[in-house]
Amino acid sequence: MAEKDQQQENKKANGMPLNGDGNAHITTISNMYEDYFLDYASYVILERAVPAIEDGLKPVQRRILHAMNEKDDGRYHKVANIIGNTMQYHPHGDAAIGDALVNIGQKELLIDTQGNWGDYRTGDSAAASRYIEARLTKFAQTVAFNPQTTKWQLSYDGRKKEPINLPMKFPLVLAQGADGIAVGLSTKVLPHNFIELCKASIDILNDKRVKIYPDFMTGGSIDVSEYNSGKRGGKVKVRAAIVKGEKNILLIKDLPYSVTTSSLIDSIQKAVEKGKIKIKKIDDNTAEHVEIAIELAAGVSPDVAIDALYAFSNCEVSISPNCCIIVDNKPEFTEVENLLRICTENTKDLLRQELEIRKHELEEKWLFSSLEKIFIENRIYHQIEECESWEEVVETIYREMRKYVATPFDPAKKGDNRQELLRDLTDDDITRLTEIRIKRISKYNSFKADELIERIIEELRQVKHDLAHLVEYAIAYFQMLLDKFGKGSARKTTITSFESIQATQVVANNAKLYVDRKEGFIGTSLKKNEFVCDCSDIDDIIVFRKDGKFLVSRIADKTFVGKDIIHIDVWKKGDDRTTYNLIYFDGKTGRAMAKRFNVTAITRDKAYDLTKGDPKSKLLYFSANPNGEAELLTISLSPTSPARIKIFDYGFSDLDIKGRGSGGNIVTKYPVKKVVLKEAGHSTIGALKLWMDEVSGRLNTEGRGLFLGEFDTGEAILAIYKDGTYELNFIEMTRRYEPKDLVHIGKFDPDTPISAVHFDGNRGWTMVKRFLIETTSTDQRYGFIADHKLSKLYFATASQAPIVKYSYKQKNEKHEEELNLAEFIEVKGWKALGNKLGEYKILKISGTKEKVVSEKPAPQAKKIVASPEKLKTGDTIDFEVDGQGSLF
């Protein structure tokens with residue numbers, strides 16, 4: 001028995017828990033891990049990473065603001081002192097508190113900073129905490145603190161009281177944003193605009209539906225088409241603002257959210273090292289405003305370079321929001337609009353609590369002021385002079401006061417003139433009356449007392465009105481925030497839509513493609529073999545072989561694609577204009593077959609057969625035509641064939657463009673000796689229909705935006721700019737215009753005059769001119785108004801009927817007139833000044849809107865001498881066009 005007791009004592013000494021039988025209780029490692037892991041995960045989620053819905057703050061942020069409010073005296077405090085004060089409430093190190101404090105300070109909403117607090121744009125860190133100072137902003141004092149509506153708890157060591165949540169009367173989590181990684185989940189609430197949040201809260205209180213979108217301090221532009229209200233699964237694309245500077249310089253003026261100038265420059269340099277972009281130099285000129293200057297290499301298009309920066313660097317980033325918030329001590333995933341609705345209702349409830357507290361204070365103040373007035377004016381204090389005990393004093397005051405006041409529950413109050421109180425008298429009321437000093441009694445002014453009571457009643461009446469009209473009161477509160485703190489909070493991030501940029505279209509040519517036709521190898525390392533073209537290291541290469549097969553493969557150092565290569569080029573996915581014409585010998589039937597086809601989609605490294613699959617089949621002729629051209633061939637048959645005509649012409653223009661798997665049309669059933677090109681063909685797929693996206697300014701063929709016209713090979717675009725210049729451009733799908741800078745854009749017709757109204761800064765006159773474009777250089781701007789800082793282009797059009805309505809002021813009198821520009825002035829040279837319209841400036845001008853060319857059939861001529869198919873060289877066509885003046 002003694003031995004057993006000794007064993008139990010040894011187990012106790014070793015820290016083993018004992019069960020009722022005195023045996024050691026064993027806990028398995030797996031159970032310990034399960035319990036400890038859940039406890040740790042819950043702690044990190046609730047106490048570290050995810051903000052609470054009540055105030056939008058994480059615990060460390062809440063404790064920082066509470067500590068600052070405790071020390072607040074209107075002056076700046078050393079951040080080191082704030083950190084030390086916060087450590088009374090936060091059970092972690094000073095580094096975590098300091099980082100969180102700097103993060104809040106850089107958002108410039110709750111903390112007024114002084115000193116070097118770092119720069120969120122450049123990534124520079126703040127100075128040491130002993131050198132920088134901070135205090136609460138007026139906004140924070142207005143929305144975040146009220147001890148009367150705050151629920152309190154003991155701090156981690158039980159010495160202090162700290163708020164469970166701050167009484168935040170503002171959707172702070174949406175204004176500041178939140179970012180945190182917990183165990184098993186994360187949160188990412190993007191920041192929103194202060195003004196838009198206030199207005200949206202007012203709309204919610206008015207029972208209106210709202211939609212809010214992110215706004216970043218770094219500016220830039222954002223595509224919110226997939227925002228999904230900030231829920232999981234959504235995403236936004238954010239871009240830097242890139243503008244063209246002088247010569248070959250690009251300037252980055254704004255940054256994407258969460259990107260610093262350092263990380264942005266690093267990403268650009270990595271793209272340059274990989275050959276994606278050709279850049280000569282990068283300079284970081286960031287000071288008060290962001291400015292990164294990029295000097296492009298010679299011959300690099302600025303438009304293509306801008307797209308490449310978006311495609312290959314952090315000039316464009318994709319952000320995936322994940323709106324997760326703590327509700328009732330549990331993480332909840334929700335929409336930002338629902339989150340705003342909850343915050344707005346929470347603000348309304350806090351305002352209700354404050355009004356009810358104020359109502360109670362005013363009622364108590366009114367009660368004691370009334371009691372004091374009765375006590376002094378009726379000289380009740382004389383009645384206690386003979387009292388010998390405190391109980392007797394209290395009883396005497398009770399008795400005398402009841403002569404003048406009645407309580408709500410007093411049955412004898414009916415029919416008398418006593419003043420009715422809101423509640424019954426208490427011992428505390430009597431005690432306060434006895435504490436009135438003789439000095440106050442001797443100087444008591446009944447008139448001022450009545451004024452005070454009247455003011456209290458008036459304020460109480462207003463508070464009761466606000467409680468009865470709580471929604472209107474909450475709306476007025478948000479309007480007050482908007483008026484008082486909304487200055488300088490305009491949206492910084494432009495909401496727009498981004499076109500997806502195909503990397504293969506904008507990547508710089510950083511590789512050279514070579515081919516060994518005989519042995520069947522292609523790649524960038526075959527420098528001793530035939531050079532094909534410049535390309536990039538992400539391009540796909542299409543290869544056609546003599547056996548009638550083709551395949552597409554990603555470019556590499558050296559790749560085997562099959563022997564007897566007859567054509568090789570860079571392949572673009574979705575290219576429906578490049579047309580392949582071929583004639584092949586069908587090994588099964590012995591016929592020569594012709595076909596035309598596009599290659600728009602493939603499986604990489606898969607060989608496709610263009611013939612009918614017989615192993616004896618082979619290609620007799622092949623051509624690749626970038627604009628769907630159809631050439632004319634001369635075909636010679638074998639001399640031994642029984643055909644009567646052994647040499648004849650064959651044109652691909654009679655063939656339809658079909659799929660690559662089609663068998664084709666029969667050219668001849670006799671053996672072919674040779675096929676030679678007789679005449680280069682013209683496009684059979686029609687002119688290229690071109691549009692300009694009116695948001696992004698990009699050219700496209702998908703029908704988005706303004707229709708520019710149908711363009712054949714060699715035709716150009718005319719762009720007229722607001723600065724009084726024009727430019728001719730050949731078609732480049734990577735080109736991008738700035739719609740806000742354009743006055744006119746469309747297909748260039750050298751016979752159509754340009755009509756313009758402009759102010760000549762040299763003479764101080766408003767002028768009208770009409771001219772033909774005489775310059776032939778492309779991608780170069782030409783100014784057609786006076787080179788003076790006051791010169792201004794009011795109006796320009798390529799319309800055939802340039803009629804304008806304009807207004808101006810002369811001798812303090814406003815005039816409105818209409819003018820036909822074609823009748824006012826004849827067509828002159830593009831350098832001519834034009835004719836004087838008047839010695840005034842135009843206030844407003846508008847012209848006849850140009851009709852957008854639609855995709856309808858061309859107008860029919862009234863009289864045709866011969867059909868186009870029967871015309872010969874030298875023949876003429878006599879036609880009249882129905883009211884159009886031109887035939888498209």
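What share of the contacts in the chain with a separation of 6 or more is accounted for by residues 24 or more positions apart? The answer is 65%, and it is a useful figure to keep in mind while moving through this predicted model.

**The whole chain**

Begin with the full chain in a cartoon representation, coloured by secondary structure, where 18 helices and 49 strands are to be found. If you then colour by accessibility, the buried residues make up 44% of the 888 residues in the chain.

**Helix 3 against helix 5**

Select residues 59–71, which form helix 3, together with residues 94–106, which form helix 5; the two pack at an angle of about 80°, and their axes are 10 Å apart. Since an angle from 65 to 115 degrees counts as roughly perpendicular, that is how helix 3 and helix 5 are described relative to each other. Show side chains next: helix 3 brings V60, Q61, I64 and M68 to the contact, while helix 5 brings A96, I97, A100, L101 and I104. Sorted by character, the residues of this contact comprise eight nonpolar and one polar, with no charged residue among them.

**Helix 8 against helix 11**

Move on to residues 194–205, helix 8, and residues 336–377, helix 11, whose axes are 10 Å apart and which pack at an angle of about 75°. Helix 8 is therefore roughly perpendicular to helix 11. On the helix 8 side, the residues to select are L197, A200, S201, I204 and L205, and on the helix 11 side they are L340, R341, T344 and K348. What is the make-up of this contact in nonpolar, polar and charged residues? The residues of the contact of helix 8 with helix 11 divide into five nonpolar, two polar and two charged.

**T218, in the loop after helix 8**

From helix 8, follow the chain into the loop that leads to strand 8 (221–223), and select T218 there. Although T218 sits in a loop, its relative accessibility is 13%, so T218 counts as buried. Display its surroundings and, leaving aside the neighbours within four places in sequence, you will find T218 in contact with Y120, D254, L255, P256 and Y257. For L255 there is a polar approach to inspect as well, as its backbone oxygen lies 3.1 Å from a polar atom of the T218 side chain.

**Cysteines C324 and C533**

Why does C324 form no disulfide? The closest cysteine sulfur to that of C324 belongs to C323 and is 7.9 Å away, which is too far for a bond, given that a disulfide requires sulfur atoms within 2.5 Å. C324 is buried, with a relative accessible area of 0%. Now select C533, whose sulfur has its closest cysteine sulfur in C535, at 5.4 Å, again too far for a bond. C533 is buried as well, at a relative accessible area of 16%. Across the structure, the number of disulfides is zero.

**T797, in strand 45**

Finish at strand 45, residues 792–797, and select T797. Is T797 buried or exposed? With a relative accessibility of 3%, T797 counts as buried. Add H744 to the selection and draw a C-alpha to C-alpha distance: T797 and H744 are 6.2 Å apart in space, though 53 residues apart in sequence. Then turn to S799, whose backbone nitrogen lies 3.0 Å from a polar atom of the T797 side chain.

Notes: Residues are numbered from 1 along each chain as its sequence is written. This is a predicted model: local features need pLDDT of at least 70, side-chain atom pairs count only at pLDDT 80 or more; totals for chains, interfaces and linings use all residues. Side-chain values use heavy atoms; hydrogens and water are left out. Axes are lines fitted to C-alpha atoms, for helices over the stretch in contact, and angles run from 0 to 180 degrees between N-to-C directions. Helices (H or I, at least four residues) and strands (E, at least two) are DSSP runs, numbered from the N terminus. Angles under 35 degrees count as roughly parallel, over 145 as roughly antiparallel, 65 to 115 as roughly perpendicular and the rest as oblique. Contact means heavy atoms within 4.5 Å. Ala, Val, Leu, Ile, Met, Phe, Trp, Tyr, Cys and Pro count as nonpolar, Asp, Glu, Lys and Arg as charged, and the others, Gly among them, as polar. Buried means under 20% relative accessible area, exposed over 50%, partly exposed in between (1.4 Å probe, protein chains only). A polar contact is a pair of N or O atoms within 3.5 Å; within protein, one must be able to donate a hydrogen and the other to accept it, and residues adjacent in sequence count only if both atoms are side-chain atoms.
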